[in-house]
Every structure is written in C-alpha cells, then in structure tokens.
Amino acid sequence: MSSITQGSYPPVLQDAEKERLVQVVKDWTVAHGLTVRPPPAIAGNDTEGILATSAPVTLFPSPFPKSCFEEAKAIQTTYNELYALISQDEEFLTEMVKEVAGGDEFIANLWNVHLRVKKEGYVQNLALGLFRSDYMVHQDDASLQIKQVEFNTIASSFGGLSTQTSLLHKHLAQHEYPLLSSSSSASNLDLPSNDSAAGLAAGLRAAFDAYGSSTLGHPTCVLFLTQSGERNVFDQRHLEYALSSSGPNKVPVFRLPFSDILTHTTLASTPTRQLLYTLPSNPSLVFEVAVVYLRAGYGPGDYPSQEAWEARYQIERSNAVCCPTVLTQLAGMKKVQQVLATPEESNTNSVPSALAKFMPPTSEKTQRLLKTFTNIYPLDTSSSGLHARSLATSPTQCQKYVMKPQREGGGNNFYRSAIPEQLAKIPEEHWNSFILMEIIEPPALANSILRNGKVEVGGVICELGVYGTCLWDQSSGEIKFNEEAGYLLRTKGDKSEEGGVAAGYGCMDSVTLV
C-alpha cells in the first residue's frame, strides 16, 4: 500500500510512552463518550448501572488504501438504491425465504409477520434504511480492491462511536504522536473527517419530517427499540443526541426495551393504526411514534416467546415508519447477497440475473457493484451448490472459506476446518439455509489495541463499513432520501476470525489514507 505499512508504522512505543498514551486514551474516551457498559464480569454488583468503560480502540489509526476508501464511499448510494428495490420486490424475497426457511425458523417467523400484516393491509408505505456495507481490502498480484463482506439492513451499529474514534485519533495526531521518540511515521497522517453520527441522524430526521404532524393531536417522536441490558448504549445515545439537536424543530427521542413494546405502546383505534407510546415515568404523556428505529430484533435471542413476535407484529402493522421493515430486514439475508453475486449455470452474461433484475446490466453503477463481490456459493442441490458442498466438506478445500447463516450481530459464522464439523451436525436438507463465501485475504498490518486497560500489540485485520441512509415509498418506488453517511473501521487481531466489536472480537479504529 505504502511505506507506512512496511514496519515503520505504527511507531514503536517505549514503556513510558505507552503508559502515557494509554492514560491519555482512557481519559479522552471517557470524557467524550467513546465508551461501553462493562461486561458483567467487570461490572460486578453495579445494580445502579453507573459504570462505563472505554470501548476497545486502537492506539493509532490503521492505514487504508485511499482509492479503496473513496470507492467504498462513492458506491454506497448505489447500494442503498439496490436494497431499497429489493425490499419492494415481494416475489423475489418470497423465493429467497423459501430457499432457507426450512432450516431457519427465525427467518420463517419474520416472513410470517409480513404475511399477517399483508393480509390485513399495510398502512404505512414509507420505509427507512440505516444501512452499512462492510468491506475488506483484497490483495492480489495486480491490485488492491474492496470486497464486500456483508450488507447490514438492521441495527447497523457503531455510527456514534465511529465519529468519536476519528476525533480521538485526530486529537492524538495533533497533541500526542509528535511527543513520541519514533514519531516520524505518525507525523503526516491523512485522517478523513467522519460524521457518521450526524449522517445517520439525518436519515432518521428525514423519516420523521416525512411522517408529518399527528392527526390525533399528540406530539410525535422517534422510538429506539433496544435490547435489555444494552452495553453499547453510548453508541446509540450519540445518534439520539445528534437527532434531537438537528433541524429547526425539536425531535423527542425515547428508548424502549424490545421486551416492553406491548407494555408501553398501543395502536390507535383508527384505520391508519397510529402507534402510541405512553411515557412510563408519566403515563399522562402520550406520544405518536413517527419513526421506530430497531436496535434490537435482529436475532432469535430477542424473541424468547410468542409475545415477542406479537410485539414485532404490532410495530410492523402500525403507521410508524419502520427502520427497518420486516421486508427490509429480510433483504439483508446472506442468501440475497449470494444470489446477487452468483451467476446461474445457464447465464452466459457477466452480470448475475438476480442483480440484473434490479440494476441495468450495462450501467456503470452495476459494473462497480460487481467489482465489490467476492465468490459466494449456495449450499443447495444446484450445480453451484453441489460444487460448494464438495468444497465445504473437504478438509483441505474448506480452509479457504467461511460458512454463514442468515444472521446479524457477529459470532455466528463457521470458518475453515470448523465447516465440515458443523455440516456434519446439520441435516443435509437444511444445508441450503447457509451460504459459503471465499475468505478475503487483506494486506498484513500491525497496530496496538487497548482493551479493558491492557495493550495488545501485533498483526491486525481491518474491516471498513460505510453507512448509508435511504427513505423510500414501498408502493410507488420513489426514493425520497439517499445519502452516504460516514464510515466505521473495525480492527481485530489477525488470529481472530470474527470481527464484531459488540460481540467481543474487534475494536474501534479509524483510517489514515495511504
């Protein structure tokens, strides 16, 4: 990439320098909300929930190819448009769900929520997506290219902490790196601005404004649905604060645990079924929910009972603008990503027919999308699927692949030699609920990670996420708002397969362009 990656960067820290830098980082992160709630093992008996700790973060920004960074940001609005179109195509999503639902009860239950609402009739045509497209840099003999890891359509986290991480590294570059004895490699860093919190808030604001005033005389609000005991609360708060202070008119924002939906929300007895939120601390205050932003509901753990599914049904059938709707959440299935990237055996064109269904095959935008795809295969009984099965069950061939279920949130995938072992536990008729992806091989990098007060030094792997916001009309197809909304860089040790920060694998980082 550049001489910055060839051993001189990051600077080697003397013990006293490391001690000082760690203390500065710990203080800055707490002072600026680059924090998480501590895990139970550290929190102990913090029954009042007053403790916070620094989010895991690199001591230096990681080098990232400028051309790859700019391409990832430039293509985001095209990805927004693509997934808005997919979310509107019920026939296409029906086929995707049929492929995986037999071996995936969670997907089947989500689809059932949609079918129930469809039967009685949707009352809100607007849909909001706060998306994140994740990439790694793939290095081959010829060039460096971004290759998509996945596309997230629900609970795309760390937009709030990403902004703070960029600010942290800018602060360190200005005030601390020049003090290091071997600081020459950190003296001229190219640190791009990152307004991900404001960018995501702008999408929520667009949906709030599009909803309009209450016809029932209630004040309108945005409702964040969260997981109980959420450790990543400060990331979400940054979005909340950015939203509540945006625009000329105040936007009331409230947080509600997903498990309390049926306790504190009701539907108005009107044909348009407005979602009403009663403030738990003051039951005399009732708000009409204009936008529901789901930071929960993306995995089976959020639905421990039928009551939880009824809660999701209540949200989906209401007049609130959902971020995301069930259809938009399903558009983020790994199966969708796979069929967009995989040509059929009978397809002689370079553009997979699934992608051509939504984007003009010969357009520049489509060709740019294609360049971001890596090799992904089904695990069904098609020719491609049978080939993938042979790869996945081979002790040697499987070393180049990762097997993914239809899940978000990190910690769900199976890598390399774990693939045959996992398939042996699953009935073959359910193998098609997984996809097989070729592992992306990024360039070698090094950095120092501060996690739980301790510094880990060594090789790292970086994953770039680019945020996008999109508001569209499910009925007419009109896109009313479509913007790129900042970035996230997650970094993990090069011995770790998974990369989720919230799941305990990765850490927050920012880019220095090279």
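Two rings of Phe, Tyr or Trp (its six-membered ring) form an aromatic pair if their centres lie within 6.5 Å. With planes over 60 degrees apart the pair counts as edge-to-face, and with planes under 30 degrees apart as stacked; the rest are tilted. In this predicted model, the count by that rule comes to 17 aromatic pairs.

Here are two of them side by side.

| Pair | Centre to centre | Angle between planes | Arrangement |
|---|---|---|---|
| Phenylalanine 92 and phenylalanine 358 | 5.1 Å | 80 degrees | edge-to-face |
| Phenylalanine 254 and tyrosine 277 | 5.3 Å | 40 degrees | tilted |

Let's place them in the fold. Phenylalanine 92 belongs to helix H5 (residues 90–100), while phenylalanine 358 sits in the loop between helix H14 (353–356) and helix H15 (364–372), so this pair ties together parts that are 266 residues apart in sequence. Phenylalanine 92 is buried, at 8% relative accessibility, and phenylalanine 358 is buried too, at 10%. In the tilted pair, phenylalanine 254 comes from strand E8 (residues 253–257) and tyrosine 277 from strand E10 (residues 275–278), so the parts it ties together are 23 residues apart in sequence. Both phenylalanine 254 and tyrosine 277 are buried. There is also one aromatic cluster made up of Tyr79, Tyr83, Phe131, Phe151 and Trp472.

Now for the chain as a whole. Its secondary structure consists of 17 helices and 21 strands. The radius of gyration is 23 Å, close to the 24 Å that the globule rule gives for 514 residues, so the chain is as compact as a globular protein of that length. Of the 514 residues, 57% count as buried. Among contacts between residues at least 6 apart in sequence, 73% join residues at least 24 apart.

Note on methods: Residues numbered from 1 in each chain as written. Predicted model: local features only at pLDDT ≥ 70, side-chain atom pairs only at ≥ 80, totals over all residues. Heavy atoms only, no water. Helix = DSSP H or I, 4+ residues; strand = E, 2+ residues; numbered from the N terminus. Rg over C-alpha atoms; globule rule 2.2 N^0.38 Å. Buried < 20%, exposed > 50% of the residue type's maximum accessible area, 1.4 Å probe, protein only. Contact = heavy atoms within 4.5 Å.
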